[in-house]
Structure formats: C-alpha cells, structure tokens
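Q: Please take a close look at a single part of the model shown here. A formal and connected account would be welcome.

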Number of protein chains: 2
Amino acid sequence: MPLIPQTVREQVTNQIRNDLLSGRFPAGTMLREIELAARFGVSRGPVRDAFIQLSHEGYLAYQANRGVMVRHPPDPRDREFITELRLKIETYVIERGFEDKNEEKINSVELALERLKEACDSGEASQVAIRDIEFHQKILLACGGDDLVPTWRQLCSRMLLTYTRLGDYSQAYKEHVAIFEPFRDGDMKKTIAAIQANIK
Amino acid sequence: MPLIPQTVREQVTNQIRNDLLSGRFPAGTMLREIELAARFGVSRGPVRDAFIQLSHEGYLAYQANRGVMVRHPPDPRDREFITELRLKIETYVIERGFEDKNEEKINSVELALERLKEACDSGEASQVAIRDIEFHQKILLACGGDDLVPTWRQLCSRMLLTYTRLGDYSQAYKEHVAIFEPFRDGDMKKTIAAIQANIK
DNA sequence: AGAATGTATAATGTTAACAATAATTAGACT
DNA sequence: AGTCTAATTATTGTTAACATTATACATTCT
C-alpha cells in the first residue's frame with residue numbers, strides 16, 4: 001500500500017509499537033535486540049534504532065549497557081494533567097492555523113478517518129489506538145502544527161498504553177466523524193468542541 | 001569527571017548538541033554522518049544513533065534516505081505558548097512531588113547549581129544553556145517528575161536555539177540561586193514563584 | 001536550446017563480526 | 001551455611017564492509 005516504501009527501521013518500529021499497544025509486552029519486560037531481530041528476520045541495527053526511537057516516544061526506558069524496558073502507563077494521578085496538556089496543544093494549533101488547511105490536507109484527514117473506521121470494524125484495540133492518534137495528527141499537520149507534533153505525540157503515546165474503550169468502537173468512530181465534518185466545513189469552534197468531547 | 005563512564009554515543013550526542021547550541025551548525029544545515037564520524041574519530045553507528053536521538057529532542061529534522069537537517073528555532077508566535085506549557089509542567093511536578101525530595105536529591109540540585117555558576121563564569125552561552133536546563137531538570141527529578149521530563153525537555157530544547165541572554169549571566173545565576181534556596185528550605189510557593197520569574 | 005535518460009557519485013540503510021560490559025554461575029574459603 | 005571471588009555466559013556497544021537510495025552530471029534525442 002505505501003507509495004513511499006518504508007525502511008526496515010520504520011517497519012520494525014511500527015511493529016514493536018503495535019505489539020506494545022496490543023499488550024504483547026507487559027510493563028517491566030526487558031526487550032532483547034537479538035530476540036526481536038530474529039523474529040523480524042533482520043539484523044540488530046534497525047531494532048536498536050527502533051529502541052532509541054520508542055524510548056523517546058515514551059514507550060520504553062533505556063539503560064546504557066542494559067537494554068530497554070517496557071514502561072508502565074502514566075501514574076493515574078498524572079493522566080488528567082497529561083490529557084489537559086494534550087488538549088491545550090490541539091486547541092492552540094487549530095486556533096492558530098485553521099485557515100492554513102487546503103483541499104489536499106482535508107483529504108488526508110478524511111483518509112485517516114477511513115482508516116480509523118476500518119480499525120474500528122476490525123475490533124483490534126491496538127489498531128484503533130494507532131489510527132485514532134493518526135487522525136488527530138493529520139488534523140494538526142493540516143493546521144501547520146508540525147513544530148508541536150513531536151511533543152504532542154509523546155504526551156499521547158504513553159496514554160495509549162491504557163487504551164481500553166472496550167467494545168464500543170462504533171461510538172469512537174462517530175466521535176471522530178463529529179470532528180471531521182465541522183473541520184471540513186470550516187467551523188473552527190465546533191471542531192474544537194468535538195475534539196474536547198472526544199478526548200475528555 | 002563522570003563516575004559512570006559515558007558510551008561513545010552519549011559523548012557524540014552531547015558534543016553535537018553543544019555545537020547546535022553554540023550556533024556552529026546554522027538552521028537548515030544538512031549534517032553528514034561521515035563528516036561528524038570523522039571529526040570525532042568514531043564510526044557512523046553512534047553518530048547515527050545521536051541523530052535519531054537529537055531528532056526526537058527537537059533539534060534535528062530527519063528525512064529517510066536523506067539525512068538530518070538542523071531545525072529552525074520555534075516560530076516567534078509559538079514561543080509564548082511553548083513557554084506557558086513548560087512552566088505549567090514544572091509547576092505541576094513541583095506541586096505534586098515537593099515532599100518527595102530527600103537530602104541526596106537536594107544535593108544533586110545544588111551540584112547542578114554549582115555547574116551553572118561555572119558556566120556563567122566561563123561566559124559560553126551554549127554551556128550556560130545546557131547547565132540551565134540541567135538545573136531545572138534536577139529539580140523536576142527531585143520531585144519525582146521522571147515521567148514528564150522527556151516531554152518537558154523537548155519543549156525546552158528547541159527554545160534554547162535562541163538562547164541569547166547576552167552578557168548578563170550573573171543575573172541568570174542569581175535567578176537560579178533564588179530558586180534553589182526556597183527549594184532547599186521547603187518553601188514550595190517561593191520556589192514556584194522564582195521559577196516563574198526566571199522563565200518568563 | 002531544452003527535456004529526457006542514463007551513468008557516476010555520494011550519501012544513508014543494513015548487515016555481520018568483533019569488543020566491551022553486565023549478569024550469572026561455580027567454586028574456594030571462612 | 002554463607003559469602004566473596006573468578007570464570008562463564010549473555011547482552012549491548014562499536015566497527016567496517018556491503019547494499020540501497022537519492023542526487024548531480026553528462027549525454028542523447030527532439
């Protein structure tokens with residue numbers, strides 16, 4: 001599917017991230033370069049790169065000469081604060097760049113929405129989580145928020161480790177349709193309100 | 001000096017970060033793995049790792065098969081917002097974990113303060129910037145804010161690319177003394193107020 | 001002249017071997 | 001039995017060679 005062929009590193013990173021979100025690697029697990037390299041049929045190099053990247057995304061904790069450990073989800077006490085920060089960033093970016101968006105960018109958001117729908121239909125929680133984030137990211141990028149995306153992503157990522165909107169993925173999908181429609185039609189206030197309702 | 005010997009990757013990362021903050025690599029510059037590897041007398045591996053890491057810290061922009069480019073400082077319009085987020089995180093962490101700190105952690109903050117003083121005396125802006133951030137980080141860690149430090153760091157890092165409190169480093173040092181003293185003496189409100197005055 | 005194509009070059013991506021470090025185990029000593 | 005030490009093993013850190021990709025340049029065709 002990808003027009004731009006992914007590098008091995010990207011594929012490995014995506015696969016490990018998916019496994020983390022699926023709960024395949026419980027918190028506290030030590031991840032071994034050799035083990036994962038063997039599973040993916042690649043050398044340790046790209047796996048190593050993925051470890052560094054995922055450490056910075058907040059999923060893994062890196063210790064020199066000792067490897068990486070799967071981090072625990074954020075402390076419950078912190079989750080509300082992190083959500084607040086996340087919402088603050090999304091709101092700021094949208095308010096600042098709502099007019100920057102063009103047809104091409106709106107299409108990319110719509111594409112992300114379709115992918116989210118597929119994920120919801122499949123019923124796989126990890127896929128829903130990944131597509132959910134992707135949808136929001138596309139909106140931020142459409143509003144010229146490239147600069148803040150890495151920080152925003154870091155905030156979201158670890159929160160996903162507790163992503164358990166069990167079952168009701170059709171509701172999740174509807175919430176995102178409610179975001180997309182005013183976004184497409186140029187109603188900034190409704191867009192932000194819908195995002196607020198979705199995240200909280 | 002380091003009791004824990006650093007890996008080559010850490011040394012390379014620190015050196016490149018220092019060069020970035022010194023303005024040695026202007027925004028837009030493409031960094032070459034081979035060139036830097038040759039300069040440091042190491043192989044491309046650790047340099048590559050450093051590139052990935054510094055990309056996630058916000059200094060560099062990574063493009064597959066094309067290498068890394070030095071990013072521009074944040075848009076002036078965004079700087080106020082980023083500062084607000086940064087302050088929000090510091091305040092939250094301190095309010096949440098002010099009582100967690102023990103003597104050992106207070107000492108590590110004091111050590112960071114001494115290093116900041118040395119940097120201020122030396123007059124090198126990049127060193128002041130690095131030690132400044134280190135001081136704040138030690139405070140956050142002393143208050144058990146490990147979870148939020150990576151995000152916080154990302155927000156600070158790129159802001160540093162415009163760090164130009166030219167000349168008056170003695171003032172910068174004083175501001176940090178004004179943070180440390182109430183911190184050591186257990187006055188949370190004064191600590192936060194001093195941080196606010198320092199960052200704004 | 002200008003566009004398209006093919007080739008050469010230089011960079012990153014990937015691999016596998018080797019080095020250094022940390023964890024484990026076995027054994028000697030008290 | 002317990003504990004310290006030494007050898008072993010497993011794992012990460014680093015390197016250098018090779019593969020692949022992107023860019024620059026020359027060449028050919030219209």
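A: A residue counts as buried if 20 or more other C-beta atoms, placed from the backbone, lie within 10 Å of its own, as exposed if 12 or fewer do, and as partly exposed in between. By that criterion Asn65(A) is exposed, because 7 other C-beta atoms are within 10 Å. The model is predicted: local features need pLDDT of at least 70 and side-chain atom pairs count only at pLDDT 80 or more, while totals for chains, interfaces and linings use all residues. Residues are numbered from 1 along each chain as its sequence is written, and chains are lettered from A and ligands numbered from 1 in the order in which they are written.

The backbone at Asn65(A) has a positive phi of about 65°, although Asn65(A) is not a glycine. Asn65(A) belongs to the loop between E2 and E3 of chain A (strands are DSSP runs of E, at least two residues, and helices runs of H or I, at least four, numbered from the N terminus). On the two sides of this loop, strand E2 of chain A covers residues 60-63 and strand E3 covers residues 67-70. E2(A) and E3(A) run antiparallel and are joined by four bridges (pairing requires at least two DSSP bridges between two strands). Within this pair, Gln63(A) stands opposite Gly67(A) of E3(A).

The pair belongs to an open sheet of three strands in chain A, ordered E1-E3-E2 and paired antiparallel. Strands E1 (30-31) and E2 (60-63) of chain A are at the edges; each has a single partner strand, so one side of each lacks a neighbour in the sheet. Helix H3 of chain A, residues 44-57, packs on this sheet and touches E1, E2 and E3 of chain A (contact means C-beta atoms, placed from the backbone, within 7 Å). The direction of H3 makes about 120° with that of E2(A) (axes are lines fitted to C-alpha atoms, for helices over the stretch in contact, with angles from 0 to 180 degrees between N-to-C directions).

Chain B may be examined at the corresponding position. Asn65(B), a residue other than glycine, has a positive phi near 65°. Asn65(B) is found in the loop between E2 (60-63) and E3 (67-70) of chain B. With 7 C-beta neighbours inside 10 Å, Asn65(B) counts as exposed. The open sheet of chain B has three strands in the order E1-E3-E2, with antiparallel pairing. E1 (30-31) and E2 of chain B stand at its edges, each with a single partner strand. E1(B) is joined to E3(B) by two bridges, and Met30(B) has Met69(B) as its bridge partner in E3(B). Helix H3 of chain B, residues 44-57, packs on this sheet, touching E1, E2 and E3 of chain B, and its direction makes about 120° with that of E2(B).

How values were computed: Two residues are in contact if their C-beta atoms, placed from the backbone, lie within 7 Å.
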